[in-house]
Amino acid sequence: MEYQHQPVLLEEVLAVLQPQLGQRFIDATVGGAGYTAALATAVGPKGLVVGFDLDPLAIAAAQEKLSREKLTNVLLINDNFANLTTALAERQIDGQFNGIVLDLGLSSAQLADRQRGFSFNQEGPLDMAFGPDSPTSTVEIVNHWTESELAKIIRKYGEEPWAEPLAKAIVRRRGRHPFTTSQELVEIVKETLPQKYQARSRQHPATKLFQALRIATNQELDNLSAVLNQSISLLCPGGRLAAVSFHSLEDRIVKQFFLQESKDCFCPPEFPICQCGHHARLKIVYRHPLLASEAEIMANPRSRSAKLRAASKIE
Ligand SMILES: C[S@@+](CC[C@H](N)C(=O)[O-])C[C@H]1O[C@@H](n2cnc3c(N)ncnc32)[C@H](O)[C@@H]1O
């Protein structure tokens with residue numbers, strides 16, 4: 001099956017990163033290699049793009065696309081972006097980068113993959129792991145986590161107000177028959193959420209539960225914090241960090257990180273003198289996140305919820 005993903009906010013990302021001939025970039029989320037290929041073209045044969053993805057299928061498809069496009073200045077690494085620093089050190093890739101980009105979440109190819117269970121619109125095995133070395137599995141979470149652990153992630157990661165009844169229904173149902181497919185979960189959601197609530201929502205009723213399970217399976221929020229923390233020291237002065245997020249939990253982490261790192265001190269206001277000793281390391285590029293244009297949303301509805309934030313390393 002062809003690996004398909006239409007990059008979101010590509011022009012805006014390139015405008016932020018301003019890639020020039022001979023420069024070095026990290027694309028922490030290769031996916032369909034849309035950003036990777038554009039960056040590799042812009043930096044030319046003397047430049048370098050290092051691309052990370054947890055998904056071996058994404059890496060294999062990217063390799064093919066880059067060979068087809070005769071782009072030989074890309075190094076692809078099948079690893080978690082939370083391991084950015086160690087993965088580069090292991091390969092003796094020293095020095096700093098002119099920019100790092102993160103395009104969070106999953107690709108359209110992963111969503112459409114019938115061997116996995118990312119989509120509530122099609123039947124698939126209950127597997128929402130981006131890669132084979134996921135710390136836990138979706139089946140394990142749904143069939144073995146306690147009711148209160150389930151309620152916690154559904155509320156926290158799915159922001160689902162009906163988290164407790166949903167967790168209870170999942171536990172009751174798995175006692176009779178363990179869950180194996182995505183559509184079994186969709187059925188439980190439709191049976192459990194009040195009809196009025198389902199009718200009022202513009203989203204599919206299972207959106208929030210699926211988001212919660214995907215985030216928990218891949219420990220997405222912890223990975224995001226880890227990569228942000230490592231990124232600054234990998235950037236050269238003036239280098240830029242750009243992040244595209246698709247839901248408020250990710251966006252909040254990026255926004256808070258940029259705010260914190262753009263301040264000289266984050267001691268509580270009642271402290272008469274600074275005790276944290278923190279110095280600003282980033283300068284925020286846009287006060288408000290960039291969103292997709294109407295035209296992009298028409299052409300690629302997935303871009304509707306995308307938010308791009310960017311910051312540059314203080315020189
Ligand atoms: C939205 S897609 C990226 C699309 C890409 N920008 C393009 O232009 O085609 C997100 C990708 O990030 C990968 N991913 C998600 N979390 C990751 C992590 N912690 N480490 C490495 N890759 C990750 C997913 O496997 C997926 O392929």
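Begin this tour by selecting helix 11 (207–218) and helix 13 (248–261), each of which supplies at least two residues of the lining of the largest pocket. Keep in mind while looking that what is on the screen is a predicted model.

**The largest pocket**

Of the elements that line the largest pocket, helix 11 gives the most, with five residues. Next, select Gln203, Thr207, Gln211, Phe246 and Ser305, which lie nearest the centre of the largest pocket among the 27 residues that line it. The space inside the largest pocket amounts to about 1100 Å³. If you colour its lining by residue class, you should find nine nonpolar, 11 polar and seven charged residues.

**The second largest cavity**

Stay with helix 11 for the next stop, since helix 11 and helix 10 (195–200) each supply at least two residues of the lining of the second largest cavity. To bring up the whole lining of the second largest cavity, select Glu160, Leu193, Tyr197, Gln198, Ser201, Gln203, His204, Pro205, Thr207 and Lys208. Gln203 and Thr207 are in this selection, and both are also named among the residues nearest the centre of the largest pocket. The volume of the second largest cavity is about 60 Å³, and its lining divides into three nonpolar, five polar and two charged residues.

**The largest cavity**

How many cavities of 30 Å³ or more are counted in this model? The count comes to two, and the largest cavity holds about 410 Å³ of space. Select Thr29, Asp53, Asp103, Leu104 and Gly105 to find its middle, for these are the closest to the centre of the largest cavity among the 31 residues that line it. Then show helix 2 (34–43) and helix 12 (220–234), the elements that give two or more residues to this lining. Helix 12 provides the largest share of the lining of the largest cavity, namely three residues. By class, the lining of the largest cavity is made up of 13 nonpolar, 11 polar and seven charged residues.

**The ligand**

Now display the ligand, and ask which space it takes. The ligand takes the space of the largest cavity, and 26 residues surround it, the closest being Asp53, Asn80, Phe81, Asp103 and Gln110. Asp53 and Asp103 belong to this closest group, and both are also listed among the residues closest to the centre of the largest cavity. The shell around the ligand divides into 11 nonpolar, 10 polar and five charged residues.

For a view of individual contacts, select Asp103 and look at its side chain, where an N or O atom is 2.7 Å from a nitrogen atom of the ligand. Move on to Asn80, whose side chain has a polar atom 2.8 Å from a nitrogen atom of the ligand. At Gly32, show the backbone instead, where an N or O atom lies 2.9 Å from an oxygen atom of the ligand. As a last step, consider the surface of the ligand as a whole: taken alone the ligand exposes 600 Å², and the protein buries 99% of that.

How values were computed
Residues are numbered from 1 along each chain as its sequence is written. This is a predicted model: local features need pLDDT of at least 70, side-chain atom pairs count only at pLDDT 80 or more; totals for chains, interfaces and linings use all residues. Side-chain values use heavy atoms; hydrogens and water are left out. A residue is near a molecule or strand if one of its heavy atoms lies within 4 Å of it. A polar contact is a pair of N or O atoms within 3.5 Å; within protein, one must be able to donate a hydrogen and the other to accept it, and residues adjacent in sequence count only if both atoms are side-chain atoms. Accessible areas come from the Shrake-Rupley method with a 1.4 Å probe; for residues, only the protein chains shown count as cover. On a 1 Å grid over the protein atoms alone, a cavity is a set of points where a 1.4 Å probe fits but cannot get out, and a pocket is an open set with protein on both sides within 12 Å along at least five of seven lines; lining residues have an atom within 4 Å of a point. A molecule sits in a cavity or pocket if more than half of its atoms lie within 2 Å of its grid points. Ala, Val, Leu, Ile, Met, Phe, Trp, Tyr, Cys and Pro count as nonpolar, Asp, Glu, Lys and Arg as charged, and the others, Gly among them, as polar. Grid points are joined across faces, edges and corners, and a volume is the space filled by probe spheres set on the points. Helices (H or I, at least four residues) and strands (E, at least two) are DSSP runs, numbered from the N terminus.
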